[in-house]
Amino acid sequence: MNDDLLSIGQFARLARLSVKQLRHYATLGLLEPAWIDPASGYRYYRAAQARDALAIGLLRSLDVPLPVVAAVLSGTRDTGETGEGDSAAAALARVRDDLEAELARRRRTLKSLERILATGLPGAEVTLVTEPPRPAIVVRDLAATPEDIGRATSACVARLMAAAPPAPALVGLFPLDYGESIPVAVALTGTGLPQVPGADPAILPGGTFATAAHVGPYDQISLTAHALLAWCAERGHAPAGPLREAYVSDPATTPPERLVTHLMIRLEDEE
């Protein structure tokens, strides 16, 4: 056995990792021992491996997943001729993007919580209105998660706005219950509707609707939707989806806190 080999305990102290972590990383092929004694099974490492071990500890402390850590280590070990370094940078960039998206989601959640703390559990002034059937063209998308609904809705709006008349009457359509994926649709209503690639002609059903106005950012609409659904439940009304969001304000010219959106739920027992 070479003199420069360190026992797993010695190396763990040098690398600031636990023995359990080193065994786990070895099992994954991320940081394998320099030598394993065939008689005793004891594991030994070289001091030169401490750089990789410390890099693993650093990246894991930054919530970098182990497969990405492996890509980064592979990239740093190569000379760059194979393109591994670029692949590692791209993997780290995806981790950064995911963290930024999670941070944005938590900031939205925090704002909603602050609103509840300031004003209490959401309430809304609800009225019953009768709506006629309305001709429309509808574009659709799928949201992978509830947090992805905003992205899917914006994509639908952008497709309609490319051909929409001035001051278009846009209505978002969202399921009341979420599955593994969430179908999102946005309708352009009115007469003389334009041709939009991929849009489907439709008639938005009429009937009796419970409606409430939401004033504020779109990412807090769920608070008013909660109040609207609570109003229906308290009075024994069976809601018939989808939830409609009629966008009154132009977000390009209206501050987020002053955006007006009319929420509407059709009532099955009032038709």
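Two residues are in contact here when heavy atoms of each lie within 4.5 Å. Keep that in mind while we walk through this predicted model.

Let's start close to the N terminus, with helix α1, residues 8-15. Which residues of this helix are buried? They are I8, F11, A12 and A15. Looking down the axis of α1, you'd find these buried residues within an arc of 105 degrees, so they line one face of the helix. The spacing fits a familiar rule. An α-helix has 3.6 residues a turn, so residues three or four places apart point the same way.

What does that buried face pack against? The partners are two strands and two helices: β1 (5-7) and β3 (43-46), along with α2 (19-27) and α3 (50-61).

Two of those partners take us straight to a sheet. Strands of a sheet pair through backbone hydrogen bonds, either parallel or antiparallel. In this open sheet there are 3 strands, in the order β1-β3-β2, and the pairing is antiparallel. β1 and β2 are the edge strands, each pairing on one side only.

Take the β1 side to begin with. β1 and β3 run antiparallel and are joined by 3 bridges. Among the residue pairs, L6 has Y45 in β3 as its bridge partner, while S7 is partnered with Y44 of β3. On the other side, β2 (residues 35-36) is tied to β3 by 2 bridges, again running antiparallel. There, I36 stands opposite R43 of β3. β2 and β3 also make a hairpin, with 6 residues between the two strands. In the turn of that hairpin, G41 has a positive phi of about 80 degrees.

A positive phi in a glycine is one thing; what about other residue types? Most residues other than glycine have a negative phi, and most peptide bonds are trans. Just after α1, though, R16 takes a positive phi of about 60 degrees, although R16 is not a glycine. You'll find R16 in the loop between α1 and α2. Is R16 buried or exposed? Its relative accessibility is 72%, and the cut-off for exposed is over 50%, so R16 counts as exposed.

D63 tells a similar story. Its phi is near 65 degrees, a positive value in a residue other than glycine. D63 is in the loop between α3 and α4 (66-77). With a relative accessibility of 55%, D63 counts as exposed.

Peptide bonds have their own exception in this model. The bond from G241 to P242 is cis, with omega near 0 degrees. P242 has its place in strand β10. One of the residues touching P242 is P175, which is found in the loop between β6 and β7 (182-189). Leaving out residues up to four places away in sequence, P175 touches I182, P183 and P242. For a sense of distance, the C-alpha atoms of P175 and D4 are separated by 64 Å, and the two residues are 171 apart along the chain.

Now for the empty space. Rolling a probe the size of a water molecule over the atoms shows where empty space is left. The largest pocket has a volume of about 1300 Å³. Of the 37 residues lining this pocket, G150, Y218, D219, I221 and E245 are the closest to its centre. Which elements give two or more residues to the lining? They are α5 (84-119), α6 (149-161), β6 (169-174), α7 (221-234) and β10 (239-247). The largest share comes from α6, with 7 residues. If you're thinking about the chemistry of the lining, its residues divide into 20 nonpolar, 9 polar and 8 charged.

Some of those central pocket residues show up again around T261, our last stop. T261 is in strand β11 (residues 260-267). At 0% relative accessibility, T261 counts as buried. Setting aside neighbours within four places in sequence, T261 is in contact with A212, A213, H214, Y218, I221, E245, A246 and Y247. Among these contacts, Y218, I221 and E245 are also on the list of residues closest to the centre of the largest pocket.

Terms used. Residues are numbered from 1 along each chain as its sequence is written. This is a predicted model: local features need pLDDT of at least 70, side-chain atom pairs count only at pLDDT 80 or more; totals for chains, interfaces and linings use all residues. Side-chain values use heavy atoms; hydrogens and water are left out. Buried means under 20% relative accessible area, exposed over 50%, partly exposed in between (1.4 Å probe, protein chains only). Helices (H or I, at least four residues) and strands (E, at least two) are DSSP runs, numbered from the N terminus. The arc is that of the directions from the helix axis to the C-beta atoms. On a 1 Å grid over the protein atoms alone, a cavity is a set of points where a 1.4 Å probe fits but cannot get out, and a pocket is an open set with protein on both sides within 12 Å along at least five of seven lines; lining residues have an atom within 4 Å of a point. Grid points are joined across faces, edges and corners, and a volume is the space filled by probe spheres set on the points. Ala, Val, Leu, Ile, Met, Phe, Trp, Tyr, Cys and Pro count as nonpolar, Asp, Glu, Lys and Arg as charged, and the others, Gly among them, as polar. Two strands pair if DSSP finds at least two bridges between them.
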